[in-house]
Every structure is written in C-alpha cells, then in structure tokens.
Amino acid sequence: MEIVTIRNVVFDIGNVLVKWSPEEIIRKTFGEEADTEKLIEKIFRNECWIALNKGELSEESAKQKYQRILDVKSEIIDELFYQIKDTQKPVEGTVDLLHRLSSSGYMLYALTDNVIEIVQYLKERYTFWEYFVGTVVSAEVNCMKPNPEIFLHLLDEYNILPDETVFIDDHMPNVESANNLGIHVVHFKDANECEQELKELGLVF
C-alpha cells in the first residue's frame with residue numbers, strides 16, 4: 001500500500017470551527033412562536049442567500065431584499081443579521097486541533113461558503129484565523145461548494161497537491177466533491193472523531 005504524506009489540512013468554517021444554527025438564529029430574531037422551517041426556507045434557502053454567499057450582493061443590498069421578502073421592519077432585518085453573526089460561537093475542541101496541527105508543521109487553510117461581511121466579523125472576533133496560511137471564501141471567488149471549481153481554485157491558488165491534502169467539512173456533498181478530485185477527506189462530526197480520523201490518515205500531532 002502506497003504511503004501518502006499529507007502536508008495540508010483544509011478546514012470548513014461553519015459547524016467545524018464555529019457553530020452554524022439557522023434554527024437558533026430564527027428563534028432569537030423572531031421568537032419562540034415563529035414558524036422556524038418556513039423562515040429558514042425564505043431566508044437561507046433562497047436566491048438572495050446564495051447571491052450573498054457568491055459575492056453578488058452586499059449585506060446592505062441583501063437586507064433591503066429581505067425586508068421586502070419577509071415584509072417586516074428594517075429593525076427586524078438588522079436583528080436577523082446581528083444574530084447570524086453573534087450565534088457563530090466556537091465549536092468545542094476544533095481551535096485546539098488547529099493549534100496542534102499548526103505546531104506540528106502542517107499547512108492549514110480555510111475553505112468556506114460565506115459572506116464577506118460575516119467573514120470580516122469573524123476575523124475581528126476570533127484569533128483562529130491566524131493559523132491559516134491561506135483562505136478561500138465563496139463570496140470572494142463567486143463560487144460555492146460543492147462545485148469542484150472552488151476546490152480547484154484552492155489547489156491552484158496555493159499550489160498544493162490533492163493527494164497531499166485533507167479537507168474537513170460537516171456537509172457530505174462537499175466532502176464527496178473534494179474526494180472526487182483526489183483530496184483526502186474527513187466528514188466532521190466533532191473534534192475528537194476528527195482527530196482520530198486525521199491520525200488514521202497518518203497525520204502526527
């Protein structure tokens with residue numbers, strides 16, 4: 001069996017490094033009695049959210065669109081976007097994983113479907129970004145996972161090889177897309193299991 005040396009570890013952000021919970025966002029914005037599933041559909045599964053994540057809309061433009069879509073006051077939309085950012089708290093154990101991987105000499109990267117203003121907020125709030133030698137944000141490259149193009153952009157931008165790289169993501173279609181390109185993958189569930197799977201791939205940290 002051929003032994004492959006993994007040198008690069010690529011992390012998704014949402015639900016890997018910080019919590020992403022549309023249900024909590026809806027509850028904190030609209031209250032416990034809100035129709036959570038209906039609002040998730042209107043806010044996070046529509047063209048406006050996709051356009052935001054592809055960098056086709058600014059946050060301010062999206063707020064105006066959502067005000068019309070939801071037919072609510074601007075203050076509610078401001079609260080929605082506050083909660084979108086504020087609820088993104090660290091996932092237990094993953095920052096420690098970053099620290100140990102970095103200290104052991106691995107090159108760390110972030111690959112995230114995300115909004116420019118949200119990434120700016122997270123960079124100001126959390127220091128874990130300092131571990132990344134490179135970052136690819138969907139809104140900056142106008143492409144989202146699981147489209148293979150975003151993974152190819154990462155490989156090309158930072159001149160890294162698929163078989164020397166492992167990608168960690170909580171969303172199975174993204175994991176499968178990366179794997180189809182020859183990138184090693186870990187389907188993230190929690191930090192402990194992630195660590196075990198990385199060590200099974202031969203990483204030492």
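Both faces of strand β4 are covered in this predicted model, with Thr-165, Phe-167 and Asp-169 buried on one side and Val-166 and Ile-168 buried on the other. The two sets of residues take turns along the chain, as expected from the general rule that in a regular strand the side chains alternate between the two faces of the sheet. Strand β4 spans residues 165-169, and five of its five residues are buried.

**Strand β4 and its partners**

Strand β1, residues 8-11, pairs with β4 in the parallel sense over four bridges, and within this pairing Phe-11 has Ile-168 of β4 as its bridge partner. Strand β5, residues 184-187, also pairs with β4 in the parallel sense over four bridges, and here the bridge partner of Ile-168 is Val-186 of β5. Ile-168 is thus named in a bridge with Phe-11 and in a bridge with Val-186. Helix α10, residues 172-180, joins β4 and β5 in a right-handed β-α-β unit.

Asn-8 belongs to strand β1. With a relative accessible area of 5%, Asn-8 counts as buried, because it falls under the 20% cut-off. Beyond its neighbours within four places in sequence, Asn-8 is in contact with Met-107, Tyr-109, Ile-160, Leu-161, Glu-164, Thr-165 and Val-166; of these, Thr-165 and Val-166 are also among the buried residues of β4.

**Helices and the largest pocket**

In helix α1, which covers residues 22-30, the buried residues are Pro-22, Glu-24, Ile-25, Ile-26 and Thr-29, and the buried residues of this helix pack against α2 and against α5, residues 74-86. Just after α1, Gly-31 takes a positive phi of about 95 degrees.

The largest pocket has a volume of about 720 Å³ and is lined by 28 residues, of which Trp-20, Trp-49, Asn-53, Asp-113 and Met-144 lie nearest its centre. Helices α1, α2 (36-44) and α3 (47-53) each supply at least two residues of this lining, and the largest share, three residues, comes from α3. By residue class, the lining divides into twelve nonpolar, nine polar and seven charged residues.

Glu-37 is placed in helix α2 and is partly exposed, with a relative accessible area of 45%. Between the C-alpha atoms of Glu-37 and Leu-111 the distance in space is 27 Å, while the two residues are 74 residues apart in sequence.

**Backbone geometry in the loops**

Most residues other than glycine have a negative phi, and most peptide bonds are trans. Against that background, two asparagines and one peptide bond deserve mention. The asparagines, neither of which is a glycine, have the positive phi values listed here.

| Residue | Phi | Location | Relative accessible area |
|---|---|---|---|
| Asn-142 | about 60 degrees | loop between α8 and α9 | 48%, partly exposed |
| Asn-159 | about 55 degrees | loop between α9 and β4 | 71%, exposed |

Asn-159 is classed as exposed because its relative accessible area of 71% is over the 50% cut-off, by the definition used for these classes. The peptide bond between Lys-145 and Pro-146 is cis, with omega about 5 degrees, and Pro-146 sits in the loop between α8 (138-141) and α9 (148-157). Asn-142 is found in the loop between α8 and α9 as well.

Technical notes: Residues numbered from 1 in each chain as written. Predicted model: local features only at pLDDT ≥ 70, side-chain atom pairs only at ≥ 80, totals over all residues. Heavy atoms only, no water. 1 Å grid on protein atoms, 1.4 Å probe; cavity = no way out; pocket = protein on both sides within 12 Å on 5 of 7 lines; lining within 4 Å. Points joined across faces, edges and corners; volume = space filled by probe spheres on them. Nonpolar A, V, L, I, M, F, W, Y, C, P; charged D, E, K, R; others polar. Buried < 20%, exposed > 50% of the residue type's maximum accessible area, 1.4 Å probe, protein only. Pairing = 2+ DSSP bridges. Right-handed = clockwise from strand over helix to strand, strands pointing away. Contact = heavy atoms within 4.5 Å.
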